[in-house]
Amino acid sequence: MSEETKNGQEEQAKADNEEVVEEVFAEEPQESEEQESDELSQLQEKLDESENRYLRLRADFDNFRRRMNAESEAKEKYRAQSLITELLPALDNFERALNIEVDNDQTKTLLQGMEMVHRSLIEALKKEGVEPIEAVGQEFDPHLHQAVMQTEDENYGSNIVVEEFQKGYKLKDRVIRPSMVKVNQ
């Protein structure tokens, strides 16, 4: 082969190679751009998912904190409930004892002492937020009263409490013990 032919073939091969190289390089950026956009969208999805998870965790924590604060407030508000529940039978016994008939001075003096103790006990309970439930003459409320008897009395309207057998008490806004009552039909 002549040198010209050889040079011509080499030049032709060089030109062909350059075209192939240009095509390869021209295709590569498109593929890398597609890969980059895929990676970018995947990263954006992961970021969105992480943000959503963070927001949900933060909301859960805020709800937990509010719930714990409410429980703590309720615990403080009703801290004396168990003690008061234990004292109510003793208070009932005091009231029964105060209703006895007095026949001599010694018994009268004893009764006066018991009245003083009863008053101080009632005052201490009031300071804690305990108050008796009004029953006689009030309309029957199943949240405040426990009906143990019914009667027909023309002096009272329908569904009105006629008599109270055992006093009921509330601690702030919570019923500790409902009143046992007789209700008119």
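Below is a conversation about how to read the sheets, helices and core of this predicted model.

Reader: Before we start, what should I know about the numbering and the cut-offs for this model?

Author: Residues are numbered from 1 along each chain as its sequence is written, and side-chain values use heavy atoms, with hydrogens and water left out. Since the model is predicted, local features need pLDDT of at least 70 and side-chain atom pairs count only at pLDDT 80 or more, while totals for chains, interfaces and linings use all residues.

Reader: Okay, sheets. Which strands form the open sheet with mixed pairing?

Author: A word on terms: helices (H or I, at least four residues) and strands (E, at least two) are DSSP runs, numbered from the N terminus. Two strands pair if DSSP finds at least two bridges between them. Here, three strands in the order β2-β6-β3 make an open sheet with mixed pairing. Its edge strands are β2 (145–151) and β3 (161–166), each pairing on one side only. Ignoring direction, neighbouring strands of this sheet are turned by 30 degrees against each other on average; the axes behind such angles are lines fitted to C-alpha atoms, for helices over the stretch in contact, and angles run from 0 to 180 degrees between N-to-C directions.

Reader: In which sense do β2 and β6 pair, parallel or antiparallel?

Author: Parallel: β2 and β6 (residues 179–184) are joined over six bridges. To find one on screen, go to Gln146, whose bridge partner in β6 is Met180.

Reader: Asn184 is in β6 too. Is Asn184 buried or exposed?

Author: The scale goes like this: buried means under 20% relative accessible area, exposed over 50%, and partly exposed in between (1.4 Å probe, protein chains only). Asn184 has 4% relative accessibility, so Asn184 counts as buried.

Reader: What does the side chain of Asn184 have as a polar partner?

Author: A polar contact is a pair of N or O atoms within 3.5 Å; within protein, one must be able to donate a hydrogen and the other to accept it, and residues adjacent in sequence count only if both atoms are side-chain atoms. For Asn184, a polar side-chain atom lies 2.7 Å from the backbone oxygen of Tyr156. Contact in general means heavy atoms within 4.5 Å. Not counting residues up to four places away in sequence, Asn184 touches several residues, including Thr151, Gly157, Asn159 and Val162.

Reader: Asn159 sits in the loop between β2 and β3. What is its phi?

Author: Phi of Asn159 is near 65 degrees, a positive value in a residue other than glycine. Asn159 counts as partly exposed, at 30% relative accessibility. Lys172, in the loop between β4 and β5, also isn't a glycine and has a positive phi of about 55 degrees.

Reader: Which strands make up the open sheet with antiparallel pairing?

Author: That one has three strands in the order β1-β4-β5. β1 and β5 (174–177) stand at the edges with a single partner strand each, so one side of each has no neighbour in the sheet. The twist averages 35 degrees from one strand to the next. β4 (residues 169–171) and β5 pair over three bridges, and Lys170 stands opposite Val175 in β5.

Reader: Which helix lies across these strands?

Author: Helix α2 (residues 81–98) lies across β1, β4 and β5, running at about 50 degrees to β5.

Reader: And α3: how do I check the span of that helix?

Author: The expected span of a helix is 1.5 Å times one less than its number of residues. The 23 residues of α3 (residues 105–127) should span 33 Å, and its end C-alpha atoms are 33 Å apart, which agrees. An α-helix has 3.6 residues a turn, so residues three or four places apart point the same way. In α3 the buried residues are Leu111, His118, Leu121, Ile122 and Leu125, and their cover includes α2 and β1. Just after α3, Gly129 takes a positive phi of about 100 degrees.

Reader: Which residues make up the largest nonpolar core?

Author: In soluble globular proteins, nonpolar side chains tend to be buried together. A nonpolar core is a set of buried Ala, Val, Leu, Ile, Met, Phe, Trp, Tyr and Cys residues joined through side-chain atoms within 4.5 Å. The largest one here has 12 residues in all, among them Ile84, Leu91, Leu121, Val130, Tyr169 and Ile176. The elements giving two or more residues to this core are α2, α3 and β4. Beyond its neighbours within four places in sequence, Leu91 is in contact with His118, Leu121, Ile122, Leu125 and Tyr169.
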